[in-house]
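Reader: I'm in my first year and I get lost when I look at a whole protein at once. Please pick one part and walk me through it slowly, starting small and working outwards.

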Amino acid sequence: MNPPPLTRLRNYFLTGLVIAAPISITAYLTWTFITYVDETVKPLIPAAYNPDNYLPFSVPGVGLVFAIIALTLLGFITANFIGRSIISAGERMLHSMPLIRNLYSGLKQIFETVLSQNEKSFQRAGLIEYPRRGLYAVVFISTEAQGEVIHKLDDRGEKVFSVFLPTTPNPTSGFLLFVHEEDIIPLDMSVEEAAKLVISAGLVSPEYNQEHLKELAEAAEKQAAE
């Protein structure tokens, strides 16, 4: 039985909204970011290198390109001994200033963590029983606990992991928890897929092909036997 015309129109509208909204919002945010960078950086570009002085129209993205080039050059300069010495001297000066040193240290640690490509980034997603037994929450598994934490908690002779428990719908806030390895249920989904699951409050769930995973496991066992 076909749905009523109004129901079909509503479904068409919602389908169009689902397709158009993400594209429109992404385009808007991207254009806003480019415009902001252009307005900030273009006044700093020498007139001889600014194409707006030669063309009858403004070229969007010029400021962003110059900002990327400038940051790349900054990274290149600081990669050598003289550059590192200058940066170290500047950091020592900042660390001697009250309040400013706390702000600088916090921001530097945040950027180093977010942009880090080493093994300290979140590598896996999992489930733990939280806030009580029988209820489960998605967590991002970080690293094995170290220092005093592992010394105090290693009473069972097991590995203890630090995990980040994100909140919904804002996964950037949450709780740091230390959990024994046997209390963590690893998930096959990626960290990005787990983040989408958290942000959408469970509405967006990644596909799970159990047969495919079974085939991969059998292939791995066969390869190990060979």
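Author: Let's start with a word you'll need right away: two residues are in contact, or touch, when heavy atoms of theirs lie within 4.5 Å. Keep in mind that this is a predicted model, where local features need a pLDDT of at least 70 and side-chain atom pairs count only at pLDDT 80 or more, while totals for chains, interfaces and linings use all residues. Residues are numbered from 1 along each chain as its sequence is written, and side-chain values use heavy atoms, with hydrogens and water left out.

Our way in is one serine, S162. Leaving aside residues up to four places away in sequence, S162 touches F140, I141, S142, T143, A145, L176, L177 and F178. It belongs to strand β3. Strands here are DSSP runs of E with at least two residues, helices are runs of H or I with at least four, and both are numbered from the N terminus. Is S162 buried or exposed? Its relative accessibility is 9%, so it counts as buried. The cut-offs, using a 1.4 Å probe and protein chains only, are under 20% relative accessible area for buried, over 50% for exposed, and partly exposed in between.

Now zoom out to the sheet around that serine. It is an open sheet of five strands, and they line up as β4-β3-β2-β1-β5 with antiparallel pairing. β4 (174-180) and β5 (185-186) are the edge strands, and each has a single partner, so one side of each has no neighbour in the sheet. Two strands count as paired if DSSP finds at least two bridges between them.

Let's go through some of those pairings. Strand β2 covers residues 136-144 and strand β3 covers 160-166, and three bridges join them in the antiparallel sense. If you want a landmark, look for F140, which stands opposite F164 in β3. A helix sits on the sheet too: α6 (residues 191-199) packs there and touches β1 (124-129), β2 and β3, with its direction at about 145 degrees to that of β2. Such directions come from axes, which are lines fitted to C-alpha atoms (for helices, over the stretch in contact), and the angles run from 0 to 180 degrees between N-to-C directions.

On to β1. How many bridges pair it with β2? There are six, again in the antiparallel sense. G126 is a handy spot to check, with V139 as its bridge partner in β2. β1 and β2 make a hairpin with six residues between them, and G134 in its turn has a positive phi of about 100 degrees. The loop between β1 and β2 is also where you'll find P131. The peptide bond leading from Y130 to P131 is cis, with omega near 0 degrees.

β1 has β5 as a partner as well: the two run antiparallel and are joined by two bridges. Here L127 is the residue to look at, with I185 as its bridge partner in β5.

Over in the loop between β3 and β4 there's another proline, P169. T168 and P169 are joined by a cis peptide bond too, with omega at about 5 degrees.

One thing to try while you turn the sheet around: in a regular strand, the side chains alternate between the two faces of the sheet.

Just past the helix on the sheet, have a look at A201, which is in the loop between α6 and α7 (210-225). Its phi is near 60 degrees, a positive value in a residue other than glycine. Its relative accessible area is 58%, so A201 is exposed, whereas S162 is buried.

Last, let's put the sheet back into the whole protein. There are seven helices and five strands, and read along the sequence they follow α-α-α-α-β-β-α-β-β-β-α-α. Of the 226 residues, 18% are buried. And if you take the contacts between residues at least 6 apart in sequence, 38% of them join residues at least 24 apart.

So where should your eye return at the end? Try S162 in β3, then follow its contacts, including F140 and L176.
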